Amino acid sequence: MKNKSVKIGRNDICPCGSGKKYKNCCRNEKKEISIRDEYKNRYDIILKTPEQIAGIKRSGDLLMSIMERVEKMIKPGLKTDEINTLVHEETIKAGAIPAPLNYKGFPKSVCVSINEVICHGIPGERILEDGDIVNVDITPILDGYYADASRTFFVGTPGSDAKKIVSVAAESLKRGIEAVAPGATLGDIGHAIQSYAEGQGCSVVREFVGHGVGIDFHEQPQVLHFGTPGKGVALVPGMVLTIEPMINLGKKELYVLEDKWTAVTNDGSLSAQFEQTILVTQEGYESLTPYEL
Ligand code: MF3
Ligand code: CO
Ligand code: CO
């Protein structure tokens, strides 16, 4: 019998030479292609190829190296525009582009959000003061690939409110990330965050959400930081999402300043945020912008 007419069984060794069973190897690729098509058609979600994932990861490595430089420079007396200069120059030096610059008219290369500013603070003349908390949100485009991450830092010596909100925001992201696995849903992520943050007496901002990322800045799906277990789109390997809960010490309501960007808490309470770019893997997740939470 000629080889080409032999039907390959599910449990046969895969003809591609991997040594794995056919059902766990190339037979599965066909299935992946149909999942890829289904996610694109039904949800407009781009499942990433290994090559794209490698590109986003390189962008994430660059991002985290810039974030380390930012961390070292944060101190009382620093002008927020100096953070912008550092992020801009390090991004360009690496052959990358700062995605925020001119994005929908945003005038700077990084978002810098102090105290009651929830997100999208525009760096400028404001000076960091002892006891402030400051979020720095960085998004490079390296070889066309976007990675998106932020951290909230203490400036000098934090007070008890600052310690509380930064700790709750960091743990919220940690719990959101730990909910990520194939077969879990977007609602599981939102629920993990909301139940923890509200349990700590804090509130979850609704107007801004996480998002698919990698080929573009903001892709589908929206990743809500509140929700119901089991609801929403099922996570599958190859999805790349940001999780970026904004947690307020007081109430969740916000308003946006006249500059059309700066979002601040309505009640003036402190707000903190942490963000990472997360890949859904076969086993669970991998952060493409990893740092300790
Ligand atoms: N980096 C933000 C996010 O996490 C988006 C900032 S948009 C900008 O999605 F224009 F303000 F930079
Ligand atoms: Co983001
Ligand atoms: Co961001």
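**Note on the two cobalt sites, ligand 1 and two helix residues**

1. D137 is buried, and E275 is buried too, where buried stands for a relative accessible area under 20%, exposed for over 50% and partly exposed for what lies in between, with a 1.4 Å probe and protein chains only. D148 likewise counts as buried.

2. This is a predicted model, in which local features need pLDDT of at least 70 and side-chain atom pairs count only at pLDDT 80 or more, while totals for chains, interfaces and linings use all residues. Residues are numbered from 1 along each chain as its sequence is written, chains are lettered from A and ligands numbered from 1 in the order in which they are written, and side-chain values use heavy atoms, with hydrogens and water left out.

3. The cobalt ion (ligand 3) is held by two OD donors of D137, together with D148 (OD) and E275 (OE), at 2.1 to 2.4 Å; donors are N, O and S atoms within 2.8 Å of the metal (3.2 Å for Na, K and Ca), and sites may look incomplete as water is not among the atoms. Along the chain the spacing of these donors reads D-x10-D-x126-E.

4. Why is the arrangement around the cobalt ion (ligand 3) irregular? The angles subtended by its 6 donor atoms run from 58 to 165°, which makes the arrangement irregular. Four donors would be tetrahedral with all angles between 85 and 135 degrees; four would be square planar and six octahedral with opposite donors over 155 degrees apart and all others between 65 and 115; anything else is irregular. The pair D137, in strand β4 (residues 133–138), and E275, in the loop between β15 and β16, links distant parts of the chain, 138 residues apart; strands (E, at least two residues) and helices (H or I, at least four) are DSSP runs numbered from the N terminus.

5. For the cobalt ion (ligand 2), the coordinating residues are D148 (OD), H211 (NE2), E244 (OE) and E275 (OE), at distances of 2.0 to 2.2 Å. This site of the cobalt ion (ligand 2) is irregular as well, with angles of 52 to 165° among its 6 donor atoms.

6. A distance of 3.3 Å separates the cobalt ion (ligand 2) from the cobalt ion (ligand 3), and D148 coordinates both. Because D148 sits in the loop between β6 (145–146) and β7 (149–154), and E275 in the loop between β15 (271–273) and β16 (276–280), the pair ties together parts 127 residues apart in sequence.

7. Around ligand 1 there are 14 residues, the closest being D137, D148, H218, E244 and E275, counted when a heavy atom lies within 4 Å. An oxygen atom of ligand 1 is 3.0 Å from a side-chain N or O atom of D148, a polar contact being a pair of N or O atoms within 3.5 Å (within protein, one must be able to donate a hydrogen and the other to accept it, and residues adjacent in sequence count only if both atoms are side-chain atoms). A polar side-chain atom of H218 is 2.8 Å from an oxygen atom of ligand 1, and one of E244 also lies 2.8 Å from a ligand 1 oxygen. Ligand 1 alone exposes 330 Å², of which the protein buries 97% (Shrake-Rupley areas, 1.4 Å probe; for residues, only the protein chains shown count as cover).

8. N84 belongs to helix α3 (residues 80–93) and is buried, at a relative accessible area of 8%. Leaving aside residues up to four places away in sequence, N84 touches K108, S109, V110 and P123, contact meaning heavy atoms within 4.5 Å.

9. A162, in helix α4 (residues 160–178), is buried with a relative accessible area of 4%. Apart from residues up to four places away in sequence, A162 touches G131, I133, F154 and L270.
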